[in-house]
Amino acid sequence: MKAPPRRQLDGQQLTDLLMRLLLDERLRDRLADEGAAEVASGPGELECLETVDLCELDSTARQFRAAVWKLGRNGGLASAFPRSLRLLASAGVRDAELLTGFLRSEEFGRFRLLPYSGRGLSEEETFAAYLFGFVAAHPDRLTDAGVHAPVVLRETVTHELMTALFTALVCEQPLSFDIAVEGIVRTGRGHAALRRYTPRSVASWADRPAAAARQESGEPVAYAYFATPAGVRRGAVSAQVAAAFETTPSAEGDAARHALSRRGLW
């Protein structure tokens, strides 16, 4: 009596298996140490795993990690989040640890290129979401780098994410990904958003708006982002400008939007 033929994996199942092998170092280690029969979840997977060249798989996984780190609009995650990564490095958190954690995270699964196609979030937004979770999960490691480090890091991640998204809003029309970040509004010339940061965070950034650096009251700094055909504009703004982002209509808000429109920002 003939044994029933093995059921081969379809395209989606094969893609899922490949992504698991590329993303999960522990799975690759088990495959190498225990063999395909101990790792496979069924006959179809077993047939595929028995043909895997372990050396080639390891090389491909390293290349995949490097490619993920280099993706993005401005040359990759390291280029999009340079200040955030320096803050993390000062607390002893290295890029390799972050990349490994990111690849294993739920946030990475929302990235638009995974598992195979279709729309999703940008890599920058999913990485930022992962970093927010990392900060929440490891407050002691970050506090050791300075009493204000967790706050500055969260706000710096936000700032660098907003910069990346607004760069994309200028350069990529239509967008090839979705944006889940709240508070980005459409204007007559593009998009705008307002955030409020601590003076310590704003003063630590390279652009160092003078108004924020001089503040000693500790009051949050209103910081605006604008995307127009002319490019991205960002920086600390006055209360009069911040009124443009009001949710309840008022004469002050109308005046602020009119003034920004005359400057080509709204």
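Two strands count as paired when DSSP finds at least two bridges between them. With that in hand, the sheet of this predicted model can be read strand by strand. Ala 227 stands opposite Val 232 in β4, and the pairing of β3 with β4 is antiparallel, running over six bridges. The whole sheet is open and has four strands, in the order β1-β2-β3-β4, with antiparallel pairing. At its edges sit β1 (185–186) and β4 (231–236), each of which pairs on one side only. Helix α11, which spans residues 149–171, packs on this sheet and touches β2, β3 and β4. The direction of α11 makes about 170° with that of β2.

Stepping back to the chain as a whole, the secondary structure adds up to 15 helices and four strands. The chain has 266 residues, and 41% of them are buried. Among contacts with a separation of 6 or more, 62% are between residues 24 or more positions apart. As for the surface, about 14600 Å² is exposed, and 52% of that comes from carbon and sulfur atoms.

Now for the inside. The largest nonpolar core holds 45 residues, and the ones touching the most other members are Phe 81, Leu 88, Leu 98 and Phe 127. Helix α11 turns up again here, giving the core its largest share with eight residues. Phe 127 is worth a closer look: leaving aside neighbours within four places in sequence, Phe 127 is in contact with Trp 69, Leu 77, Phe 81, Leu 85 and Phe 102. There is also a second, separate core, made of 14 residues, including Leu 194, Phe 226, Phe 245 and Leu 260.

Aromatic rings come up often in this chain, with a count of 15 aromatic pairs. Take Tyr 197 and Tyr 223, whose rings lie 5.7 Å apart centre to centre, with 65° between the planes, an edge-to-face pair. This pair links distant parts of the chain, with Tyr 197 in strand β2 (residues 191–197) and Tyr 223 in strand β3 (residues 221–228), 26 residues apart. Tyr 197 and Tyr 223 are both buried. Another pair is formed by Phe 226 and Phe 245, with ring centres 6.2 Å apart. The planes of Phe 226 and Phe 245 meet at 45°, so this pair is tilted. Here too, distant parts of the chain are linked: Phe 226 belongs to strand β3, while Phe 245 is in the loop between α14 (239–242) and α15 (251–262), 19 residues away. Both of these Phe residues, 226 and 245, are buried, and both are also in the second core.

Some aromatic residues gather in a bigger group. One aromatic cluster is formed by Trp 69, Phe 81, Phe 102, Phe 108, Phe 111, Phe 127, Tyr 130 and Phe 134. Phe 127 therefore shows up in the cluster as well as in the largest core, and its contacts with Trp 69, Phe 81 and Phe 102 are with fellow cluster members.

Last comes a small polar residue. Ser 201 lies in helix α12 (residues 199–204). Is Ser 201 buried or exposed? With a relative accessible area of 0%, Ser 201 is buried, because anything under 20% counts as buried. Apart from neighbours within four places in sequence, Ser 201 is in contact with Val 151, Val 152 and Glu 155.

Note on methods: Residues are numbered from 1 along each chain as its sequence is written. This is a predicted model: local features need pLDDT of at least 70, side-chain atom pairs count only at pLDDT 80 or more; totals for chains, interfaces and linings use all residues. Side-chain values use heavy atoms; hydrogens and water are left out. Helices (H or I, at least four residues) and strands (E, at least two) are DSSP runs, numbered from the N terminus. Buried means under 20% relative accessible area, exposed over 50%, partly exposed in between (1.4 Å probe, protein chains only). Contact means heavy atoms within 4.5 Å. Rings of Phe, Tyr and Trp (its six-membered ring) pair if their centres lie within 6.5 Å; planes under 30 degrees apart count as stacked, over 60 as edge-to-face and the rest as tilted. Axes are lines fitted to C-alpha atoms, for helices over the stretch in contact, and angles run from 0 to 180 degrees between N-to-C directions. A nonpolar core is a set of buried Ala, Val, Leu, Ile, Met, Phe, Trp, Tyr and Cys residues joined through side-chain atoms within 4.5 Å. Accessible areas come from the Shrake-Rupley method with a 1.4 Å probe; for residues, only the protein chains shown count as cover.
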